[in-house]
Amino acid sequence: MESRKILVWFRNDLRLHDNEMLVEAISKSDSILPVYFFDPRHFECTAAEGNKAVHNRFQFLAESVSALRESLKKLGGNLLVITGTPEDHISALVEQYEIAEVYHHREVATEETMVSSNVEDLLWKLRINLKHFIGHTLYNKEDLPFPIKDIPDVFSQFKKKTERDAIVKDCFPAPEQINFVTVEDWGELPECGGAFLTNLSGGEEEGIKHLQELFAAGSEIYIRSSKAHAAQHTFTSKLSPWLAVGALSPRKVYWAVKNAEHQFGANSHFTQLILGLLWRDFFRFMFKKHSVDYFKDIVEIKEFPQTEEYIRNLQEWKDGNTGNPVVDQYMTELNESGFITHTGRLLVATYLIYILKLNWIDGAGYFEQKLIDYSPASNWGNWAYVAGGGKDTRSKNAFDLDKQIKLLDIEVQDI
């Protein structure tokens, strides 16, 4: 009897824990072929300014892919690493290894969705099915209290209804045994030079370790700060880089928070973490519902003449040379480490859009280049939200421009 082989196409889901796609592939096959593509459309290894290459993000991603490979090796297998586009290679892999089906996680942003569609068309010609999974959100699509087309466009309504009527499922356990397709050459990870200044390391094990340290006894997360102290001190979990590449599952973070709540009671930092996960879900579902029309729905797209002054102001903002100490400190931190707090992101976006009166799309594009935790839906969704102020100006969750402008006047040592 012919064995059934499934190709597991890893994308932004670089983990063994809480990975329904992987669990399903193992249960429905005799052996699996795990594959990761370093797509040159996203990571051209050059330091050119206009390029999407980001050494920090590339390094973090490469570490995460390498860590996944090591985890699979411990189970007696490996991860096939290919430098090239999925479209150029997946048909040949299917034919070479006699693959019966291909599994992957569906994305929501335009470029990633296009890649899925292209691959699906290629596989269709070979009469091979591309099975889609959705594993990047806290709430499963089918568990929401409304279909995607009816999801509220106002965050506060989305939050209220999901928290009241939807459930967060338990995490899928990491597989303990996997049968792998035999491969002679599993490929090498590409290298990308350049300074790597962030102190965060990629990979599932590192992500789980960071999560455990976050909730360790005596951790900062348990400090109940007064409003006066909170104004000077912004708590940040720094979990987003691992969430962005899928080395950490949002549900694993959620249940870690709930476990801490059960032991120690409610805490504003716990609330902040859950809120962050809900915002991630909200923007992903907004992209799923509206695609790029999401921007047109909430933000007036207008022309910005590329004058010498415009180009100079934009470059000064990018370089952290605006003259505003708060903005400049955050932009310098972004350029050096690839990470700034959510508060910092709101402030520098406010400054670009409302003080410099530049195009928010230029700001979002620069963040895409620089952020180690870049995630299309969250990055572009947050920028559009700041630029448009949300659909419901009465919402208590709506962007508060006046508050942000006032924060731009605080002393730099308060950050």
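Contact here means heavy atoms within 4.5 Å. Keep that in mind as you click around this predicted model.

**Stop 1: the nonpolar cores**

Start with F215. Leaving out residues up to four places away in sequence, F215 touches I221, Y222, A256, V257, A260, F270 and L273. Now zoom out to the largest nonpolar core, which has 103 residues. F215 is one of the members that touch the most other members, along with F10, W317, W360 and W383. Color helix α10, residues 268–290, next: this helix supplies the largest share of the core, 11 residues. Then look for a second, separate core of 21 residues, and select V35, F37, V119 and I128, which are among its members.

**Stop 2: α10 against α16**

Keep α10 on screen and add α16. Two packed helices are described by the angle between their axes and the distance between the axes. For α10 and α16, the axes come within 9 Å and cross at roughly 90°. The two helices are therefore roughly perpendicular to each other. To see the side chains and backbone that meet here, select W279, R280, F283, R284 and F287 on the α10 side. Opposite them, in α16, pick P376, A377, S378, W380, G381, N382 and Y385.

**Stop 3: salt bridges**

Side chains of opposite charge can pair when their charged atoms come close. There are 15 salt bridges to hunt for in this structure. Here are a few to show as sticks.

- Select E87 and R41. Their closest N and O atoms are 2.8 Å apart. This salt bridge links distant parts of the chain, 46 residues apart: E87 is in helix α3 (residues 86–96), while R41 is in the loop between β2 (31–38) and α2 (55–74). E87 is buried at a relative accessible area of 15%, whereas R41 is partly exposed at 36%.
- Go to R345 and D373. This salt bridge has its closest N and O atoms 2.9 Å apart. R345 belongs to helix α14 (residues 342–355), and D373 to the loop between α15 (360–370) and α16 (376–388), so the pair joins distant parts of the chain, 28 residues apart. Is this pair buried or exposed? Both R345 and D373 are buried.
- Pick out E24, K28 and K131. Salt bridges with shared partners join these residues into one network.
- Finish with K149 and D150. Their salt bridge has closest N and O atoms 3.3 Å apart. K149 is exposed, with a relative accessible area of 62%, and D150 is partly exposed at 42%.

**Stop 4: a buried acid without a partner**

Select E112, in helix α4 (residues 110–125). Which side chain of opposite charge is nearest to E112? That would be R11, at 6.5 Å, and E112 has no salt bridge although it is buried. The cut-off for a salt bridge is 4 Å. Show the surroundings of E112 and you'll find contacts with R11, E107 and P376, setting aside residues up to four places away in sequence.

**Stop 5: V81 and I301**

Jump to V81 in strand β3 (residues 80–83). V81 counts as buried, at 5% relative accessibility. Draw a distance from its C-alpha atom to that of F38: you should read 7.5 Å, for two residues 43 apart along the chain. Beyond its neighbours within four places in sequence, V81 contacts Y36, F38, V65, R69, W186, G187, E188, L189 and P190.

Now try I301, in the loop between α11 (293–298) and α12 (308–319). What does I301 touch, not counting residues up to four places away in sequence? Its contacts are W360 and I361. The C-alpha atoms of I301 and I361 are separated by 9.3 Å, with their positions 60 residues apart along the chain.

**Stop 6: two positive phi angles**

Last, a look at the backbone. Click D18, in the loop between β1 (5–10) and α1 (20–27). D18 is not a glycine, yet has a positive phi of about 45°. D18 counts as buried at 3% relative accessibility.

Then click K238, in the loop between α7 (227–232) and α8 (240–245). K238 is also a residue other than glycine with a positive phi, near 55°. At 29% relative accessibility, K238 counts as partly exposed.

Key: Residues are numbered from 1 along each chain as its sequence is written. This is a predicted model: local features need pLDDT of at least 70, side-chain atom pairs count only at pLDDT 80 or more; totals for chains, interfaces and linings use all residues. Side-chain values use heavy atoms; hydrogens and water are left out. A nonpolar core is a set of buried Ala, Val, Leu, Ile, Met, Phe, Trp, Tyr and Cys residues joined through side-chain atoms within 4.5 Å. Buried means under 20% relative accessible area, exposed over 50%, partly exposed in between (1.4 Å probe, protein chains only). Helices (H or I, at least four residues) and strands (E, at least two) are DSSP runs, numbered from the N terminus. Lys and Arg count as positive and Asp and Glu as negative; His and the chain ends are not counted. Axes are lines fitted to C-alpha atoms, for helices over the stretch in contact, and angles run from 0 to 180 degrees between N-to-C directions. Angles under 35 degrees count as roughly parallel, over 145 as roughly antiparallel, 65 to 115 as roughly perpendicular and the rest as oblique.
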